[in-house]
Amino acid sequence: MRHPSSPPRRRPSGLRRPRISGLAAAQTLTLLTLATLATGLPPLTPAAWAIPEAPVEFCRTYPDAPACAGAPAPCGTCHTTPPNRNSYGAAVAAKLAPGVERPLSKEVFLLRLPEALHAVDEADSDQDGVSNVEELAAGSLPHDPDSRPTYPVCDAVQERAVKRFGDTDQVWGYNVCGYDAVYAFKKATLDFCGRSATRAEIASYAASDNREAALAALLDSCFDSEWWQGPDGVLWNLANTRIEPIASVKSGDDAGPIPLADYLDDYNLFVWTQIDGHDARDLLTADYFVERGDGTKKTAGSLKLTVVKRNPIEDYQKRGFGKAQLVDFSYRAGMITARWFLMQYVMFTAVPRTAAAQAYRAYLGLDIARMEGLHSVAGEPLDWDAKDVKRPECASCHATLDPLTYPFSRYEGIGGGVGGSVGFGPGKYLPYSYNPSRLERFVKTDGPKVTETPEEGVLLGQKVKDLVAWGKVAANSDAFARKLVLDYWQLLIGEPPRPSEMGEFNQLWQDFKTTHKYSVEAMLKALVRTEAYGVP
Amino acid sequence: MRRRVVAGWLRAAALVGVVVFATGCGDDKDSDTDKDAGAEVDTGPAKEPSREMVRSNRPRVRFKGGRRMATDLATALNLPRGELCKELGKFDCVDFVHNVALGGVEPYELGVREPLDQASVTTPIAVDRVALAACGQRAKLDFDTPESAFLFGDLAAATDATREAALKVTANRLYDQLLRRDANVDETAALVAFWDTAKAAAAKGADSATLARDYATLACFAVATSEEALFY
């Protein structure tokens, strides 16, 4: 029994069950069996059957089978120890090119394999009550009676339970055969409000005529809670890997022994972009920052967030040097030009590859250290800062990383290079600010070519003239939407999407860009309606 | 249901093990079925348990984590969240001392920016610590001032003649408060039967008030540390 409002469960396209009546199937099976016996063929030799191309052909036949997700099917699908076959493999073998002389050539084998596979679709090789094709569709093993899918048997078992008890919910408490709205409601209360739903709330929800609206209303109320958007709340903690705070160098309130920058602005901006329908792309495009309550993280009224747009001098006058954001409006790109980010990742470096790599990893989900997101730029790396990155073993990554980094090279970190002094005015520089002549200080440390490092870079194969453009291209990319939605998926579901859930996941992040207009809250309301979230 | 019990520091430590037998392992067939089902199964109070279970296709049962657990415990036992459990009477068990073990993060000084992938060795100990502290507090409050008791008033006031009825009421209240559902017949019977087991395990010469309070603490602990209470 499925919840009426749950999306229809789709069988993978390559696994449509042939609609053969039981009698017709039995007749076909009998005829095939008789035909096999009548031919008097000798038993098929095992050596003819363990063919390395077979898993690929198997996956061409069943492209949507979970066993084929991202790789050819495992040999164990048909074999025990190749070439020996398991019960499913033996059943397929019995149907493969009957009447053709053995051993089969590879060509004949591959040509006739699909029909042999389909010939045993409706058979139940492991005698566990579930047909082979159902098992393949569900990702269970057609040769192992201990491995059975859930949903193919759901309907039958639930049907019997309904006859017996009238209501399956009362029998098991959960409907594991489809989207269980009450289960999703209870789970959402814990996820988004940080507490279990009361009995009254559950009863009220179960009795609701419009559960979808009731679930959305629950989320709306939870979105405003301390648990969700407060200091050290769910959203706040989601920013931890992006900000990587370190108390010992925090400035402002609760300053550490070496106060350099305050990460509270970063947390506040992150949370702001995730709530109230705000555009999440502001993470990488905002020219403002956000203050919370009275500016500290442990005060009353801490849910109050306020957008602040002050230029560096105004902010210096308002909050003092320890907390001021020192990048001018027109050079700001959200989180990646915040003072904390520049302090933490640019530090003393002329060409701050660490900053680019962190931005790429934290906001686009592409980790260059894991060879992810490599878009080599022809002629790169040019090694402007004399770091010997042209060596072949370095160049494979630096051909992407270096052009990715150039736009960061005009932003000051803590300091670095030789000469210059901190302050306002000619011949001086401000840490954590935009400074087009910054690289001149690095000639002695990074070589004479360092001043020729272009500000223009390349991100995802696209030229970007500066870091503001970098932020815009990044924020509009598929990678950005995918990464942010994946973070919430993992937070709420506990693991990355399984192969069978990729359809729902892809739809979700694509809708995030279009239907949801980059509103995280709208996306989350869709996420809790997915089967991945709502099927127990 | 299966219980995790690691509590060497309990005054009535011996009774904890008894709780496991009394309330957790009464029916092997049910346990096996639960495990196979991959999801919590509530057979309901009045209906015959079904032996025909459907295995979850994607059993994703997750630990609530310390903060949710503490919030739920505080609500269920009507205790101030800040007073639920404190080490040395000063440091909050959940937010501070056992924070990371209970699935929390501490990015500022420890660099723990994401919850641990898997429960640590000390996670069950920390869970037991918090649950036992909370249940112990509730029992103490109710037995010290039974006239304003929240959970264990009937038990505190029970005589030998009224004890069985009080035990049933207590069992139902525990399920209602901690699991937000009614106890079924087997669950009630297990908690009622636990009285005799607790009595047999009690120290020689223990008075009935002490026994009742220990029972209340441990019955609460058993339900509060069930899989159903801790996972979702």
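A residue counts as buried here when its relative accessible area is under 20%. With that cut-off, 53% of the 536 residues of chain A are buried. Keep in mind throughout that this is a predicted model.

**Chain A at a glance**

Chain A is built from 25 helices and six strands. Look at its contacts between residues at least 6 apart in sequence, and 60% of them join residues at least 24 apart. Its accessible surface comes to about 22,700 Å², with carbon and sulfur atoms supplying 56% of that.

**A few spots in chain A**

Start with strand β1 of chain A, residues 289-292. Phe289(A) and Glu291(A) point one way from the strand, Val290(A) and Arg292(A) point the other way, and all are buried. This strand pairs with β2 (residues 305-308) of chain A in the antiparallel sense, over four bridges. In one of these pairings, Glu291(A) has Thr306(A) as its bridge partner in β2(A).

Next comes Asp385(A), in the loop between α18 (353-364) and α19 (392-405) of chain A. Is this loop residue buried or exposed? Asp385(A) is buried, because its relative accessibility is 2% and the cut-off is under 20%. Leaving aside residues up to four places away in sequence, Asp385(A) touches Val351(A), Arg353(A), Asp446(A) and Val450(A).

Further along, Glu504(A) belongs to helix α23 (residues 502-513) of chain A. A polar atom of the Glu504(A) side chain lies 2.6 Å from the backbone nitrogen of Glu531(A). Beyond residues up to four places away in sequence, Glu504(A) also touches Trp489(A), Thr530(A) and Ala532(A), as well as Glu531(A) itself.

**Over to chain B**

A word on confidence before you zoom in: the average pLDDT of chain B is 82, and 76% of the residues score at least 70. Residues 1-51 of chain B, though, have pLDDT below 50, and in the model this stretch has 103 contacts beyond near neighbours in sequence. Where pLDDT is low, the predicted coordinates should not be read in detail.

Two helices of chain B can be checked for length:

| Helix | Residues | Number of residues | Expected span | Distance between end C-alpha atoms |
|---|---|---|---|---|
| α3(B) | 66-77 | 12 residues | 16 Å | 16 Å |
| α8(B) | 185-201 | 17 residues | 24 Å | 25 Å |

The expected span rests on 1.5 Å a residue, and the end-to-end distance agrees with it for α3(B) and for α8(B).

Nine of the 12 residues of α3(B) are buried, so the rest of the structure largely encloses this helix. Among the buried ones are Arg68(B), Met69(B), Asp72(B), Leu73(B) and Leu77(B). Right after α3(B) comes Asn78(B), with a positive phi near 55 degrees.

What caps the N-terminal end of α8(B)? Asn184(B) does, with a side-chain oxygen 3.0 Å from the backbone nitrogen of Asp186(B). Buried residues in α8(B) include Leu191(B), Phe194(B), Trp195(B) and Ala198(B). An α-helix has 3.6 residues a turn, so residues three or four places apart point the same way.

Last stop: Lys86(B), which is found in strand β1 (residues 86-87) of chain B. Its relative accessibility of 29% makes Lys86(B) partly exposed. Lys86(B) and Arg129(B) sit 43 residues apart in sequence, with a C-alpha to C-alpha distance of 9.8 Å. Arg129(B) is also one of the residues that Lys86(B) touches, along with Phe91(B), Asp92(B) and Cys93(B), not counting residues up to four places away in sequence.

Definitions and conventions
Residues numbered from 1 in each chain as written. Chains lettered and ligands numbered in written order. Predicted model: local features only at pLDDT ≥ 70, side-chain atom pairs only at ≥ 80, totals over all residues. Heavy atoms only, no water. Helix = DSSP H or I, 4+ residues; strand = E, 2+ residues; numbered from the N terminus. Buried < 20%, exposed > 50% of the residue type's maximum accessible area, 1.4 Å probe, protein only. Contact = heavy atoms within 4.5 Å. Areas by Shrake-Rupley, 256 points an atom, 1.4 Å probe, with all protein chains shown as cover. Polar contact = N/O pair within 3.5 Å; in protein donor to acceptor, adjacent residues only side chain to side chain. Pairing = 2+ DSSP bridges. pLDDT = per-residue confidence, 0-100. Expected span 1.5 Å × (residues − 1).
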